[in-house]
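Work through the following exercises with the sequence and the model open beside you. Try each task before you read its solution.

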Amino acid sequence: MLIRHATIVDVGSAHLIADQAVATLGDTIVAVGNDRDIAAAWRARQTTQAHGKYLIPGLWDMHVHFGGGPEVIEENQALLPLYVAFGITTVRDCAGDIPYDVLNWREDIARGTLLGPTLLSSGPKIEGIAPVWKGTLETGSEADVDAAIAKLKSLRVDFVKITDSTLKPELFLYAVRTAHAAGLKTSGHIPMQLTVEQAVDAGLNSIEHIDYAFKAGVKNEAAIAADFAAGRIDRAAAYRRLNEGFDRDTAMKAYRNFASRGVFVTPTLNGERILAWLDRDNHDHDPGLAYIGPKLRKTYDWRIERAAKASADAIRQRHEQYERAAAVLPLLQQAGVTIMAGTDAGFLNSFNYPALGLHDELALYVKQGLTPPQALASATRAGPEWFGKLDRYGGIEAGKAADLVLLDANPLADINATRQIRLVVLRGVVFDRGRLDRILADARTKVAEWNAHSNAARIGQRPSVPSAHSLASRSSASRARSSSVILLPNTRS
Ligand SMILES: [Zn+2]
């Protein structure tokens, strides 16, 4: 396949290279160079003329979820082609409650029998005993953690996700160290009893959600952690003190430490912003709803209902906390921390739409002070770098994967250009605009059918409260969050 007369965006150096041609064979780029030279040297079955267009490496969303229970598997699977249609050629699945289905999709996609982005998955996440989350590996001792890591190794997961719904803090650190020793990268939610620095010292490779980067910038973080660990303060009090204790010098010192240790940060601003303003924003007419099936949509209710119950004071503080936390993004960049674009899109995370959300995420980075080239690098280079796969991804060169997105406008000038997709190449297969539009139309048709079916089923039933059961099963998380003044990262997946 040949793409001719394209302007290549070098996302590493933020430069444009005009009038280039790219030749691919199978799933690999075999030649890149001046259009005339490449066109003379290669004959292709399929040629795309790309005058006035901009070619970037495929986009990576480094924080997505699939889940909502076994009855939502089909709706989750239907999201996979959607990622491709929005230029996302790789996603990092950060665990959910259907991990074994996701691991099967990973294999089917790699084999070419299922259309979707390359899936890099944590498999089931490591948790404590009887956590709020389903589908986890529950651990209550070091031996349990050892067994969990051995199991994850046998599942050939791409990294390890650790969360702290009920996980003991010392086991969190033990899990990070053990995974590290087993050659697996880790990410997760850091228990309140620990400082972010302790997790980084143990070898945590990526920090998910900007709240934790904010927390690392709190001057008396260690004292708050100690007070919480000793039971002298509750979670709400801990958050109150954290929210008031941010110090720029402390933050810059912590962030320089992240940078020197190679710890990346996935901000997930889109998710945080939507949740913070859930009380006020009307999502009834979001274009993204057309791609969300009724059962997936139902998983949104938990957070919507909770937002509706929050006091005016709690809502105001949530808004303020989003602004405070998001404001650390340029400090991270300044300290040399690699920022990985990730949305937290998937089940539960209301109105944070899979695939579409990544483009919103990038726009938020620019709004918070990153340059468009920095935002673009976070979605093209940072993911491959974190996984140690820059030899294969993150650029447009011979030998790299034929995962490409052709844009109508220059993303180095305006990051919103990533939304203007002319063509996607996924593992060497070309999806022109017509084919991408058909994927989108098929996805909308499927969702419309599911919605019609689910409405018909509801009319046939007596009125009931279908969410009551699922809410009850999450009651401990609801309790934890309703008393808090900010978004509690430990109840986010
Ligand atoms: Zn998440």
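**Exercise 1.** At roughly what angle do the axes of helix α5 (residues 142–154) and helix α6 (residues 169–181) cross?

*Solution.* Begin with the ground rules: this is a predicted model, in which local features need pLDDT of at least 70 and side-chain atom pairs count only at pLDDT 80 or more, while totals for chains, interfaces and linings use all residues. Residues are numbered from 1 along each chain as its sequence is written.

Next, find the elements, remembering that helices (H or I, at least four residues) and strands (E, at least two) are DSSP runs numbered from the N terminus. An axis is a line fitted to C-alpha atoms, for helices over the stretch in contact, and angles run from 0 to 180 degrees between N-to-C directions. The axes of α5 and α6 come within 10 Å and cross at roughly 35°. Their crossing is right-handed, a term used where the near helix is turned clockwise from the far one by less than a right angle.

Finally, list the contact, where two residues count if their C-beta atoms, placed from the backbone, lie within 7 Å. Helix α5 contributes Glu142, Val145, Asp146 and Ile149, and α6 contributes Leu171, Tyr174, Ala175, Thr178 and Ala179.

**Exercise 2.** Describe the open sheet that contains β7.

*Solution.* First establish the order, which is β6-β7-β8 in a sheet of 3 strands with parallel pairing; two strands pair if DSSP finds at least two bridges between them. Then look at the edges: β6 (59–64) and β8 (118–121) each have a single partner strand, so one side of each is left without a neighbour in the sheet. From one strand to the next, the twist averages 20°.

Now examine one pair, in which β6 and strand β7 (residues 88–93) are joined over 4 bridges, and where Leu59 has Ile88 of β7 as its bridge partner. To finish, add helix α4 (residues 99–111), which lies across β7 and β8 and runs at about 145° to β8.

**Exercise 3.** Where does Arg427 lie, and what is its phi near?

*Solution.* Start with the position of Arg427, which is in the loop between β16 (421–426) and β17 (429–432). Its phi is near 45°, a positive value in a residue other than glycine. For comparison, most residues other than glycine have a negative phi. Lastly, count the surroundings: Arg427 has 18 other C-beta atoms within 10 Å and is therefore partly exposed, since that class falls between buried (20 or more) and exposed (12 or fewer), with C-beta atoms placed from the backbone.
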